[in-house]
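Here is a walk through a structure, taken one spot at a time. Keep the viewer open and follow along.

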Protein chains: 2
Amino acid sequence: MDISASFAALADPTRRAILARLALGEATVMELAKPFQMTQPAVSQHLKVLEEAGLIVQRVDGARRPRRLAKPGLDAMDQWLAMLRKALERDYDRLDGVLAAMQSEGKGKR
Amino acid sequence: MDISASFAALADPTRRAILARLALGEATVMELAKPFQMTQPAVSQHLKVLEEAGLIVQRVDGARRPRRLAKPGLDAMDQWLAMLRKALERDYDRLDGVLAAMQSEGKGKR
């Protein structure tokens with residue numbers, strides 16, 4: 001699994017909708033095909049992309065292969081985005097510092 | 001800005017590297033081109049994608065146009081991923097409940 005694949009998987013609205021459905025509970029290809037009005041091969045193709053992206057896994061249940069959400073893809077993206085989040089917060093803290101300094105200077109002059 | 005564009009922007013390792021550089025502080029096209037050993041038009045193209053994805057903004061400073069990280073793209077992705085995170089945590093809580101029930105049943109039988 002590579003993080004480029006995880007981000008690419010989420011760049012498609014149909015795949016995000018499939019994940020949103022799986023967030024409600026596991027589902028098979030057949031159970032996904034109906035509400036999405038897609039053919040089963042089309043659904044399977046999207047599921048393959050999501051599986052390779054570490055975002056879903058399949059479970060074997062007799063002849064059924066229900067898919068459910070998985071953590072690895074999400075964890076990798078969360079970690080990466082946390083790096084951006086921290087950098088942005090540092091920027092805002094710095095700006096707060098500048099503004100506070102400007103205000104106290106302003107008060108000093110009055 | 002649409003969230004598909006934000007996820008797609010992060011699916012490219014060069015664009016993630018540019019963001020990681022901007023996490024250290026703002027930089028111009030010229031300042032980015034050198035360490036990345038890219039032409040300025042190639043850098044500009046990546047910056048355009050990142051700007052349309054709500055992940056960076058440019059600031060006007062005389063003739064310079066330094067780019068820095070921006071919140072909208074990050075916030076949108078964070079919100080979306082939080083939905084998956086919550087669903088996964090519910091799954092784990094459910095599993096914990098099942099395991100706890102199995103353990104207390106096991107103890108009852110001993």
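A:Ser6 is buried, at a relative accessible area of 0% (buried means under 20%, exposed over 50% and partly exposed in between, with a 1.4 Å probe and protein chains only). You'll find A:Ser6 in helix H1 of chain A, which covers residues 3-10 (helices are DSSP runs of H or I with at least four residues, strands are E runs with at least two, and both are numbered from the N terminus). What does A:Ser6 touch, not counting residues up to four places away in sequence? The list is A:Met1, A:Ala53, A:Leu55, A:Gly73 and A:Met77, where contact means heavy atoms within 4.5 Å. There's also A:Leu50 to look at: its C-alpha atom is separated from that of A:Ser6 by 7.6 Å, with the two positions 44 residues apart along the chain.

Before going further, some housekeeping. This is a predicted model, so local features need pLDDT of at least 70 and side-chain atom pairs count only at pLDDT 80 or more, while totals for chains, interfaces and linings use all residues. Residues are numbered from 1 along each chain as its sequence is written, chains are lettered from A and ligands numbered from 1 in the order in which they are written, and side-chain values use heavy atoms, with hydrogens and water left out.

Now on to the loop between helix H2 (13-22) and H3 of chain A, where A:Thr28 sits. A:Thr28 counts as buried, at 10% relative accessibility. Leaving aside neighbours within four places in sequence, A:Thr28 is in contact with A:Arg64, A:Arg65 and A:Pro66.

That loop has a charged resident too. A:Glu26 makes a salt bridge with A:Arg59, and their closest N and O atoms are 2.4 Å apart (a salt bridge is a side-chain nitrogen of Lys or Arg within 4 Å of a carboxyl oxygen of Asp or Glu). The pair links distant parts of the chain: A:Glu26 is in the loop between H2 and H3, A:Arg59 is in the loop between strand E1 (56-58) and strand E2 (67-69), and they are 33 residues apart. Both ends get some exposure: A:Glu26 is partly exposed at 29%, and A:Arg59 is partly exposed at 31%.

Contrast that with a pair inside one helix. A:Lys48 and A:Glu52 both lie in helix H4 of chain A, four residues apart, which is about one turn of the helix. Their side chains meet in a salt bridge of 3.8 Å, N to O. A:Lys48 counts as partly exposed, with 45% relative accessibility.

Just before H4 there's a backbone detail for torsion fans. A:Gln37, in the loop between helix H3 (29-36) and helix H4 (40-52) of chain A, has a phi near 50°, a positive value in a residue other than glycine. A:Gln37 is exposed, with a relative accessible area of 76%. Over in chain B, B:Gln37 has a positive phi of about 50° although it is not a glycine, and it counts as exposed at 77%.

How do the two chains relate? Chain A can be laid on chain B with an RMSD of 0.0 Å by a turn of 180° and a shift of 0.0 Å along the axis (least squares on the C-alpha atoms of residues with pLDDT of at least 70 in both copies). That is the relation of a two-fold axis. The same surface serves both copies, as 100% of the contact residues of chain A recur in chain B. The contact takes 28 residues from chain A and 28 residues from chain B. Between them the chains bury about 2700 Å², 69% of it on carbon and sulfur atoms (buried area is the accessible area, 1.4 Å probe, that two parts lose on being put together, summed over both).

How many salt bridges cross this interface? The rule finds four, and the structure holds 14 over all chains. One of the pairs is B:Asp78 with A:Arg85, the closest N and O atoms being 2.4 Å apart. B:Asp78 lies in helix H5 (residues 71-109) of chain B and A:Arg85 in helix H5 of chain A, so the pair joins two chains. B:Asp78 is partly exposed at 24%, whereas A:Arg85 is buried at 18%. Salt bridges that share partners also join A:Lys71, A:Asp75, A:Asp78 and B:Arg85 into one network.
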